[in-house]
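Hello, and welcome to this structure. Here is a short set of notes to read with the model open beside you; take the points in order, or jump to whichever interests you.

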Amino acid sequence: MINTVFDDPTHGPSTHGFNSALAARTGMELIHININVADAEETIAFYEQFGFEESWEFETPDGETHNRYIADENGIELQLSDTDGE
């Protein structure tokens with residue numbers, strides 16, 4: 001799942017890397033990418049090697065999916081969805 005936000009006066013295009021090129025072509029900016037994972041702790045440890053840090057988290061109302069977000073210093077954010085039993 002790729003979430004995007006349209007350019008508008010309150011949220012203009014990013015001025016760096018991938019997002020600026022994407023915004024120039026499509027008028028949209030990448031917000032974050034959702035990745036389904038079997039072990040969020042292990043996945044976070046892996047991405048920490050590349051400068052990512054945990055930024056926030058939430059659990060679905062049914063308690064089955066724990067969503068944890070990690071981001072790097074350039075604003076790239078990954079949503080890690082860890083669903084019980086999957």
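1. Let's begin with a helix: which residues of H2 are buried? They are Ala 40, Thr 43 and Ile 44. Because they cover an arc of only 100° around the axis, these residues sit on the same side of H2. Please keep in mind throughout that you are looking at a predicted model.

2. Now for the overall plan. The protein is built from two helices and five strands, and reading along the sequence gives the pattern β-α-β-α-β-β-β. Of its 86 residues, 29% count as buried. Among the contacts with a separation of 6 or more, 38% are between residues 24 or more positions apart. On the outside, the protein exposes about 5,700 Å², and carbon and sulfur atoms supply 53% of that area.

3. Back to H2, and to what its buried residues meet. They pack against strand E2 (28-37), and also against E3, E4 and E5. At the N-terminal end of H2 you will find a cap made by Asp 39. A side-chain oxygen of Asp 39 lies 3.1 Å from the backbone nitrogen of Glu 41.

4. Thr 43 deserves a moment of its own. This residue belongs to helix H2, and it counts as buried because its relative accessibility is 17%, where buried means under 20%. Leaving out residues up to four places away in sequence, Thr 43 touches Val 37 and Leu 80.

5. Which residues make up the largest nonpolar core? There are seven: Val 37, Ala 40, Ile 44, Phe 52, Ile 70, Leu 78 and Leu 80. H2 and strand E5 (77-83) each supply at least two residues of this core. As background, nonpolar side chains tend to be buried together in soluble globular proteins.

6. Val 37, one of those core residues, is a good place to zoom in. Neighbours within four places in sequence aside, Val 37 is in contact with Thr 43, Leu 80, Ser 81, Asp 82 and Thr 83. The link between Val 37 and Thr 43 therefore appears from either end, as Thr 43 touches Val 37 too.

7. Next come the charged pairs. How many salt bridges does a search of the whole structure find? The search finds two. In one of them, Arg 68 pairs with Glu 41, and the closest N and O atoms are 2.6 Å apart. Since Arg 68 lies in strand E4 (residues 65-71) and Glu 41 in helix H2 (residues 40-48), the pair ties together parts that are 27 residues apart in sequence.

8. The other salt bridge joins Glu 54 to Arg 68, with 2.7 Å between the closest N and O atoms. This pair also links distant parts of the chain: Glu 54 is in strand E3 (residues 53-59) and Arg 68 in strand E4, 14 residues apart. Through shared partners, Glu 41, Glu 54 and Arg 68 are joined into one network.

9. Is Arg 68 buried or exposed? Arg 68 is buried, with a relative accessible area of 10%. Glu 54, on the other hand, counts as partly exposed at 33% relative accessibility.

10. Strand E4 has another residue worth selecting: Asn 67. Asn 67 counts as buried, at 4% relative accessibility. With which side chains does the side chain of Asn 67 make polar contacts? One is the side chain of Gln 79, at 2.9 Å, and another is the side chain of Ser 81, at 2.6 Å. Beyond its neighbours within four places in sequence, Asn 67 is in contact with Trp 56, Glu 57, Phe 58, Thr 60, Gln 79, Leu 80 and Ser 81.

11. To finish, have a look at Glu 59, a residue of strand E3. Apart from neighbours within four places in sequence, Glu 59 is in contact with Thr 65 and His 66. Glu 59 and Asp 82 are 23 residues apart along the chain, and their C-alpha atoms are separated by 9.5 Å.

Terms used. Residues are numbered from 1 along each chain as its sequence is written. This is a predicted model: local features need pLDDT of at least 70, side-chain atom pairs count only at pLDDT 80 or more; totals for chains, interfaces and linings use all residues. Side-chain values use heavy atoms; hydrogens and water are left out. A salt bridge is a side-chain nitrogen of Lys or Arg within 4 Å of a carboxyl oxygen of Asp or Glu. Helices (H or I, at least four residues) and strands (E, at least two) are DSSP runs, numbered from the N terminus. Buried means under 20% relative accessible area, exposed over 50%, partly exposed in between (1.4 Å probe, protein chains only). A nonpolar core is a set of buried Ala, Val, Leu, Ile, Met, Phe, Trp, Tyr and Cys residues joined through side-chain atoms within 4.5 Å. Contact means heavy atoms within 4.5 Å. The arc is that of the directions from the helix axis to the C-beta atoms. A polar contact is a pair of N or O atoms within 3.5 Å; within protein, one must be able to donate a hydrogen and the other to accept it, and residues adjacent in sequence count only if both atoms are side-chain atoms. Accessible areas come from the Shrake-Rupley method with a 1.4 Å probe; for residues, only the protein chains shown count as cover.
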